[in-house]
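The following paragraphs lead the reader through one structure, element by element. Please keep the sequence and the model at hand while reading.

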Amino acid sequence: MTQHDRILILDFGSQVTQLIARRLRETGVYCEVWPYNAAAPERIRAFSPRGIIFSGGPASVTEGESPRAPAEVFDMGLPILGICYGQQTLAAQLGGTVEGGHAAEFGRAVVTVTGECALTQGLWAKGNKETVWMSHGDRITVLPAGFRVVAESEGAPFALIADESRHYYGTMFHPEVVHTPHGAALLKNFTHGVCGCTGDWTMAGFRAEAIARIRAQVGQGRVICGLSGGVDSSVAAVLLHEAVGDQLTCIYVDHGLMRAGESEQVVKTFRDRFNITLVHRDASDLFLGQLSGVTDPEQKRKIIGRLFIEVFEEEQNKLGGADFLAQGTLYPDVIESVSATGGPSVTIKSHHNVGGLPEGMRMKLVEPLRELFKDEVRVLGRELGMPEEIVGRHPFPGPGLAIRIPGEVTREKADLLRKVDTVYLEEIRNAGLYDAIWQAFAVLLPVRTVGVMGDGRTYDMACALRAVTSTDGMTAEFYPFDMGFLGRVANRIVNEVRGVNRVTYDITSKPPGTIEWE
């Protein structure tokens, strides 16, 4: 790619490290996240960053085996910003002292600005009190030589520190989270003010560079893309088609678990609007047949994933094979494939994306979106002229409606849920709320309830409605619909969807719940 201004983020295992990258990208600064222990000095030099950011992390600097930044980064003459744990290891590695057992701070806190530095320029004035977001148990008790205090709080006397002769800075708080109101601007002061970045990374530029990379990688080879109809695979397909034209064939495996009209929309959009060669395989009988009698959600996922690969390979073989397999891999997938701490993570449930790579696959991978976050993929889709109903679409799980039907999945249940979902999303759009919500959907509950319709008794299905707000899907809050809206939706569902006589609204946040029910 073109040599843009770059910032390197060394990840020490924080749950919000990706937010640092997102904030930087929003200001036009290209950055990458590397595990702290994968940042060999020669690799850093080859990357040529304008500055380095140390992320937060769950470890304690006071522990003997806790993570440390490569010592060589302090000899490179680069600006450094340490955040939370990153501030603590920055201080400890430069001769300061970090101790535990002091007052911890979690959540919103107030800092008093006691000085000035390049990070606070134009934002925080001396004497002001500013709101920030803290999450720490340890704190610095002795500053390294050359540093001074810029802001302090009750639990963190060194909440913001600076050594401006070396362009080293540290914050005990997290500027990357939205709960620190001036956090994004503080980060921009570091990248643009201290590091001299110009913000030259644009989506139009990425589009041109990605097309050039694809053409260089693929040459005259044939490419197959598994199209799900979701944002990622759709944008990847259109970008690939712009790069290699008729060398691309998309395969859409219809498992019979999409929402109403979505399969037809996928076929029409890609065949008619973009003139992309598309193989549409209706495999709904196969999928629903093998899901018959299965109630365990993990088993449902595995069946759908296995069948997806089998059907995809059948269609691929009919085409005579190809040289490349395209995937809509995103940057979070790349980051999460390597743990910063090297330890195992708890599996809450297997990933929504169906499929996987067949063993012994001879095709080479082409992953044109692997540098992008989800919101950036949407921007790229708009840059490519894709319709808003695709690029602005709410996330939809690979197994489709199967994980929104707890218990056994049948065609009858899927048809019923499609009708409920159509009414719900139609009302959300009518109210102008679709873009304010991260994800909205209905769940068909595995219970029947007594009801009264007219003069008769009913014994029909119940459904749950779910709508959440989120920035990245890692955490989520339920959307606070007014009761009038929920009443209208419930009234339409029980009147228009024969077989459903009760409607509930899920007000669980994530955590403790997950966004999907299975």
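What covers the buried residues of helix 5? In this predicted model, the cover includes strand 12, helix 6, strand 15 and helix 11. The residues of helix 5 that are buried are M203, F206, E209, A210, I211, I214 and V218. A general feature of helices helps in reading such a list: an α-helix has 3.6 residues a turn, so residues three or four places apart point the same way. Helix 5 itself comprises 16 residues, and the distance from its first C-alpha to its last is 22 Å, close to the 22 Å expected at 1.5 Å a residue. Just beyond this helix, G219 adopts a positive phi of about 60°.

Two of the elements that cover helix 5, strand 12 and strand 15, belong to an open sheet of 5 strands. The order across this sheet is 14-13-12-15-16, and the pairing is parallel. Strand 14 and strand 16 (364-366) form the edges; each has a single partner strand, so one side of each is left without a neighbour in the sheet. From one strand to the next, the twist averages 25°.

The two ends of the sheet may be taken in turn. At one end, strand 13 (residues 248-254) pairs with strand 14 (residues 277-282) in the parallel sense, over 6 bridges. Within this pairing, C250 is placed opposite L278 of strand 14. Strand 13 and strand 14, together with helix 7 (residues 262-273), make a right-handed β-α-β unit. At the other end, strand 15 (residues 324-326) runs parallel to strand 16 and is joined to it by 3 bridges. Here A326 has V366 of strand 16 opposite it.

Helix 6 brings the helices and the sheet together. It lies across strand 12 (223-226), strand 13, strand 15 and strand 16, and runs at about 160° to strand 13. Helix 6 is also tied to helix 5 through charged side chains: E242 forms a salt bridge with R207, with the closest N and O atoms 2.9 Å apart. This pair links distant parts of the chain, since E242 lies in helix 6 (residues 231-244) and R207 in helix 5 (residues 203-218), 35 residues apart. E242 counts as partly exposed, at 31% relative accessibility.

How many salt bridges does a search of the whole structure find? The total is 28. In general terms, side chains of opposite charge can pair when their charged atoms come close. One such pair is R25 and E376, whose side chains meet at 2.7 Å, N to O. R25 belongs to helix 1 (residues 17-26) and E376 to helix 11 (residues 374-383), so this pair ties together parts that are 351 residues apart in sequence. Both partners are buried: R25 has a relative accessible area of 5%, and E376 has a relative accessibility of 7%.

Another salt bridge joins R492 to E426, the closest N and O atoms being 2.8 Å apart. Because R492 lies in helix 14 (residues 483-496) and E426 in helix 13 (residues 411-430), the pair ties together parts that are 66 residues apart in sequence. R492 is buried, with a relative accessible area of 18%, whereas E426 counts as partly exposed at 36% relative accessibility. Finally, salt bridges also form a network, which links R281, E314, E315 and K318.

Terms used:
Residues are numbered from 1 along each chain as its sequence is written. This is a predicted model: local features need pLDDT of at least 70, side-chain atom pairs count only at pLDDT 80 or more; totals for chains, interfaces and linings use all residues. Side-chain values use heavy atoms; hydrogens and water are left out. Two strands pair if DSSP finds at least two bridges between them. Helices (H or I, at least four residues) and strands (E, at least two) are DSSP runs, numbered from the N terminus. A crossover is right-handed if, with the strands pointing away from the viewer, the path from the first strand over the helix to the second runs clockwise. A salt bridge is a side-chain nitrogen of Lys or Arg within 4 Å of a carboxyl oxygen of Asp or Glu. Buried means under 20% relative accessible area, exposed over 50%, partly exposed in between (1.4 Å probe, protein chains only). Axes are lines fitted to C-alpha atoms, for helices over the stretch in contact, and angles run from 0 to 180 degrees between N-to-C directions. Contact means heavy atoms within 4.5 Å. The expected span of a helix is 1.5 Å times one less than its number of residues.
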